[in-house]
Structure formats: C-alpha cells, structure tokens
Amino acid sequence: MASITPRARVIEDSVHLEKNISTYLCLLLGIDLKTTKLFKSEAMSFDVKLNLLLELNYFDKLKREKFRRFSEIRNKFAHLADVITFTDCYERLGGIENHFKRWYPSAAIKKSGEDLNKEYYNLLKTDLFEDITDFTEYFDSTKKKELEVKEKAERYSLILKEMNKLAKTGTEQRRIFQYIKRRVQETMRNSFEY
C-alpha cells in the first residue's frame, strides 16, 4: 500500500476543514447549507472562508495564528509544484519552525527531520479540528441558552397576562396568589424537562 504524500494529506485535510468552516458559518449566518450557492461554490475560497470565521473574534490570538499558518502551508502545497515534503514547505515559510517549537515543545524530543515536520503538521491539524469542534459546541450551547431564555420569557408573559385578567375581574387576592404559585411551579417544572 502506497503512503499518502504530504501534498495529498494537506489538501485532503484542508478540504475537510473548509467543509467544517462552511457548515459553521452557515449556522451562524442562518444560511441553509443545502441550498447555499455562496458556500458551496468556488466563489468563496478557503482563505476567504477562514478569514470570515476569524473575523468573528471567537478565537484568541494563538488560535488565529495557528489557522493562519495552516492556510500558508495549504497554499504552498496547493500552488507550488516544487513543494513536495513538509521540509520543503517550511523552508518556504521562513520562521514557521520557531512557532512549532514554541507550540509543541515535546515533539522534537522524539523525532527529527521530515518526521518531525510531519509531526508538527499533524499536531497543528489536530488543534485546528479541535478548535472548530469547540467553536461548534460553543455555538450550539449559546443557541440553546437563547432558546431557553426565549421560552421562559414567553411562559412568564402568559402568566402575567393571566394575572392581569384575574386582577381586572376582582378575584380575591388569595385566589390570585394560589393561581400564581401553581403556574410558577408548573412553569419551573416544565423548564427542567427536555
């Protein structure tokens, strides 16, 4: 079985990363991924999608730098025929090894040369996919919280309307408080059932 080339590995990884970025941008922007033309076409490049994601300012400076470096690696493999190995690529990206040494100090203990450069890439790729997953979980939890707040607000609004109706009809105060207590308990019970 032939091993996959560094170029094929990077291009394949970037395709999957781009798909994930497109998916999450569509979620954020409320765009249907199945019908979108913008995010499924070549009209928006990997770099444009990545920059759009980074503009959201969810990622800290370090994560943003890692995404930027991944994009540079991808572009070297995608556009330069003489970049065949990770070593070739990193030589064209002066100073990237210093970033890798700082980000992944234990990698150099075990490996060197092309094996080390491949390991640096794998660590970077893993970080980015984890960052995208973390972003998705953050987005999903934020949306869930927004829905919970909206649902509770609607429930309490209904309670308030009922209270106002009771107050206008002159119902005695004791019955109003019993009604309020019953509705609040019911609302709270329903808030915790999913």
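**Buried and bridged: a chat about this model**

Mentor: Lys 111 has a relative accessible area of 35%, so it counts as partly exposed; buried means under 20%, exposed over 50%, and partly exposed is in between (1.4 Å probe, protein chains only). Keep in mind that this is a predicted model, where local features need pLDDT of at least 70, side-chain atom pairs count only at pLDDT 80 or more, and totals for chains, interfaces and linings use all residues. Residues are numbered from 1 along each chain as its sequence is written, and side-chain values use heavy atoms, with hydrogens and water left out.

Trainee: Which residue meets Lys 111 in a salt bridge?

Mentor: A salt bridge needs a side-chain nitrogen of Lys or Arg within 4 Å of a carboxyl oxygen of Asp or Glu. For Lys 111 the N to O distance is 3.2 Å, and the partner is Glu 119.

Trainee: How far apart in sequence are Asp 131 and Lys 63?

Mentor: Their side chains meet in a salt bridge at 3.8 Å, N to O. Asp 131 sits in helix H7 and Lys 63 in helix H3, so you'd call them distant parts of the chain (helices are DSSP runs of H or I, at least four residues, and strands are runs of E, at least two, numbered from the N terminus). The gap is 68 residues.

Trainee: Is Asp 131 buried or exposed?

Mentor: Its partner Lys 63 is partly exposed at 25%. Asp 131 has just 8% relative accessibility, so it counts as buried.

Trainee: What is the distance between the closest N and O atoms of Asp 127 and Lys 66?

Mentor: Both of these residues are buried. They form a salt bridge, and the closest N and O atoms are apart by 2.7 Å.

Trainee: What is the angle between the ring planes of Phe 70 and Tyr 121?

Mentor: Rings of Phe, Tyr and Trp (its six-membered ring) pair if their centres lie within 6.5 Å; planes under 30 degrees apart count as stacked, over 60 as edge-to-face and the rest as tilted. Phe 70 and Tyr 121 are 6.1 Å centre to centre and stacked, with an angle between the planes of 25°.

Trainee: Which residue joins Ser 71 in a polar contact between side chains?

Mentor: Ser 71 is in helix H3 and is buried, at 7% relative accessible area. A polar contact is a pair of N or O atoms within 3.5 Å; within protein, one must be able to donate a hydrogen and the other to accept it, and residues adjacent in sequence count only if both atoms are side-chain atoms. Here the distance is 2.3 Å, and the partner is Asp 47.
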